[in-house]
Amino acid sequence: MTKVENKKENLMRCICESCPSYSECTKGEMQGLFCARAKSLCGFDKKGCVCGNCPLTEEFRLTGGYYCESGAV
Ligand code: SF4
Ligand code: SF4
């Protein structure tokens, strides 16, 4: 597992927007790339996590998910 860099190129590849757990709050603030950033302060219901389908998961060999709740790895 490698640390994900908090940079625009990585944010552009984040697929959180397509996640069922991505809320109106996170959408309104255009949040994402939680695996490299702090956790979201938005409340949300756990309805699944699509991080496993994200290209960054493969590239950085991430093993988790729900980074919006836990913050950076
Ligand atoms: S692994 Fe998850 S939080 Fe990280 S960029 Fe991909 S979709 Fe976003
Ligand atoms: S970190 Fe996972 S659960 Fe949270 S919004 Fe992104 S894909 Fe969904």
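Here are some numbered notes on the cavity, the pocket, the disulfide and a few individual residues of this structure.

1. A word on the model before anything else. What you have in front of you is a predicted model, so please read the values below as computed from that prediction.

2. Let's begin with the enclosed space. Searching the whole structure turns up 1 cavity of 30 Å³ or more. The volume of the largest cavity is about 240 Å³. Its lining is made up of 23 residues, and those nearest the centre are Cys16, Phe34, Cys49, Cys51 and Cys68. Among the helices, α3 (55-59) and α4 (67-70) each give the lining at least two residues. Sorted by class, the lining of the largest cavity has 18 nonpolar and 5 polar residues, with no charged ones.

3. What fills the largest cavity? Ligand 1 takes up this space, and ligand 2 sits in the largest cavity too. When you look at the cavity on screen, it helps to have both ligands displayed.

4. Which residues surround ligand 1? They are Cys14, Ile15, Cys16, Leu33, Phe34, Cys35, Cys51, Cys54, Leu56, Thr57, Leu62 and Tyr67. By class, this shell has 11 nonpolar residues and 1 polar residue, and no charged residue is found in the shell. Leu33 is a member of the shell worth remembering, and you will meet leucine 33 again in point 9.

5. Around ligand 2 you will find Cys16, Cys19, Tyr22, Phe34, Gly48, Cys49, Val50, Cys51, Tyr66, Tyr67 and Cys68. The class count here is 10 nonpolar, 1 polar and no charged residues. Cys16 appears around ligand 2 and around ligand 1, and Cys16 is also among the residues nearest the centre of the largest cavity. Phe34 and Cys51 likewise appear around ligand 2 and around ligand 1. Cysteine 16 counts as buried because its relative accessibility is 16%, under the 20% limit.

6. Now for the open space. The largest pocket has a volume of about 180 Å³. Its lining consists of Leu11, Cys14, Cys16, Glu17, Tyr22, Lys27, Met30, Gln31 and Gly32. How many of the lining residues are charged? The lining of the largest pocket has 2 charged residues, alongside 5 nonpolar and 2 polar ones. The largest cavity, for its part, has no charged residues in its lining. Cys16 belongs to the pocket lining as well as to the shells of ligand 1 and ligand 2.

7. Two of the pocket residues deserve a closer look. Leucine 11 is found in helix α1 (residues 8-13) and is partly exposed, at 26% relative accessible area. In sequence, leucine 11 is 23 residues from phenylalanine 34, while their C-alpha atoms lie 9.1 Å apart in space. Methionine 30 belongs to the loop between α2 and α3. Is methionine 30 buried or exposed? With a relative accessible area of 67%, methionine 30 is exposed. Between methionine 30 and alanine 72 there are 17 Å from C-alpha to C-alpha, and the two are 42 residues apart in sequence.

8. The structure holds 1 disulfide. The bond runs between cysteine 25 and cysteine 42, with an S to S distance of 2.0 Å. It ties together distant parts of the chain, 17 residues apart: cysteine 25 is in helix α2 (residues 24-28), and cysteine 42 is in the loop between α2 and α3. The link is left-handed, with -70 degrees about the S-S bond. As for accessibility, cysteine 25 is partly exposed at 33% relative accessible area, whereas cysteine 42 is buried at 7%.

9. Finally, some backbone angles to check. Most residues other than glycine have a negative phi. Leucine 33 has a positive phi, near 50 degrees, and is not a glycine. Leucine 33 lies in the loop between α2 and α3, and it is buried because its relative accessible area is 1%. Tyrosine 66 also has a positive phi, about 50 degrees, without being a glycine. Tyrosine 66 is placed in the loop between α3 and α4 and is partly exposed at 23% relative accessibility. To tie this back to the ligands, Leu33 is in the shell of ligand 1, and Tyr66 is in the shell of ligand 2.

Notes
Residues numbered from 1 in each chain as written. Chains lettered and ligands numbered in written order. Predicted model: local features only at pLDDT ≥ 70, side-chain atom pairs only at ≥ 80, totals over all residues. Heavy atoms only, no water. Disulfide = S-S within 2.5 Å. Helix = DSSP H or I, 4+ residues; strand = E, 2+ residues; numbered from the N terminus. Buried < 20%, exposed > 50% of the residue type's maximum accessible area, 1.4 Å probe, protein only. Near = heavy atom within 4 Å. 1 Å grid on protein atoms, 1.4 Å probe; cavity = no way out; pocket = protein on both sides within 12 Å on 5 of 7 lines; lining within 4 Å. Sits in = over half its atoms within 2 Å of the grid points. Nonpolar A, V, L, I, M, F, W, Y, C, P; charged D, E, K, R; others polar. Points joined across faces, edges and corners; volume = space filled by probe spheres on them.
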